[in-house]
Amino acid sequence: MAEHNTKSIELDGPFAGWRAELRGSVSARILLDLESGVASRALEAFSKIVVSHNFKGIDGEPVTDILDAPVEALTATLEAWSKVNSISPQ
C-alpha cells in the first residue's frame, strides 16, 4: 500500500499549540462529502483524513476521536488544510 503524503496544520489564537497531521490525498468520495454542505457528512469525512492530532475536548482533556474537539477548532483545521492542499476541482 502506498504511503500517503500528509500536511501538518498548527492552529493559533484560542487553539494555539494544537496540531494535526492530515492526509494530502483523499478519495473522490471524501472530497464530495467535504464539499456537500451537509455538516454531518463533512465532519465525518474530515475525521477520515486526520492521521494524528493533539486536540482537546470542551473540558480541556485530550480526545482520542477528533470529532470530540470543539467544532471551531475543526473548522479552523479544515480551512487551513484546504489552503495548503489544492485538490478542489475548479
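Here is a walk through this structure, from the whole chain down to a few single residues.

Keep in mind that you're looking at a predicted model, where local features need pLDDT of at least 70 and side-chain atom pairs count only at pLDDT 80 or more, while totals for chains, interfaces and linings use all residues. Residues are numbered from 1 along each chain as its sequence is written, and side-chain values use heavy atoms, with hydrogens and water left out.

Let's start with the big picture. The chain has three helices and three strands; helices (H or I, at least four residues) and strands (E, at least two) are DSSP runs, numbered from the N terminus. Follow the sequence along and you'll meet them in the pattern β-β-α-α-β-α.

How about overall size? The C-alpha atoms fill a box of roughly 35 × 30 × 25 Å, taken along the principal axes. The radius of gyration is 13 Å, which agrees with the value near 12 Å for a compact globule of 90 residues. That radius is taken over C-alpha atoms, and the globule rule is 2.2 Å times the number of residues to the power 0.38.

Now for inside and outside. Of the 90 residues, 31% are buried. Buried means under 20% relative accessible area, exposed means over 50%, and partly exposed is in between (1.4 Å probe, protein chains only). The accessible surface of the chain comes to about 5,800 Å², with 51% of it belonging to carbon and sulfur atoms; such areas come from the Shrake-Rupley method with a 1.4 Å probe, and for residues only the protein chains shown count as cover.

Contacts tell you how the chain folds back on itself. A contact means heavy atoms within 4.5 Å. Among the contacts with a separation of 6 or more, 48% are between residues 24 or more positions apart.

Next, zoom in on helix α2, residues 39-49, where Ala42, Ala45, Phe46, Ser47 and Ile49 are buried. The cover over the buried residues of α2 includes β2 (19-23), α1, β3 (50-53) and α3. Take Ala45 as an example: Ala45 counts as buried because its relative accessible area is 2%. Leaving out residues up to four places away in sequence, Ala45 touches Ile30, Asp33 and Leu34.

Asp33 takes us over to helix α1, residues 28-34. With 16% relative accessibility, Asp33 counts as buried too. With the residues up to four places away in sequence set aside, Asp33 touches Arg41, Ala42 and Ala45. Between α1 and α2 there's a loop, and Val38 sits in it. Val38 has 37% relative accessibility, so it counts as partly exposed. Val38 and Lys7 are 31 residues apart in sequence and 24 Å apart in space, C-alpha to C-alpha.

Last stop: helix α3, residues 71-84, home of Thr77. Is Thr77 buried or exposed? Its relative accessibility is 0%, so Thr77 counts as buried. Not counting residues up to four places away in sequence, Thr77 touches Ile9, Leu11, Ala20, Leu22, Phe46 and Phe55. A polar atom of the Thr77 side chain also lies 2.7 Å from the backbone oxygen of Ala73. Ser82 is found in α3 as well, but Ser82 is partly exposed, since its relative accessible area is 40%. From Ser82 to Gly24 there are 58 residues in sequence, yet 9.7 Å in space, C-alpha to C-alpha.

How values were computed:
A polar contact is a pair of N or O atoms within 3.5 Å; within protein, one must be able to donate a hydrogen and the other to accept it, and residues adjacent in sequence count only if both atoms are side-chain atoms.
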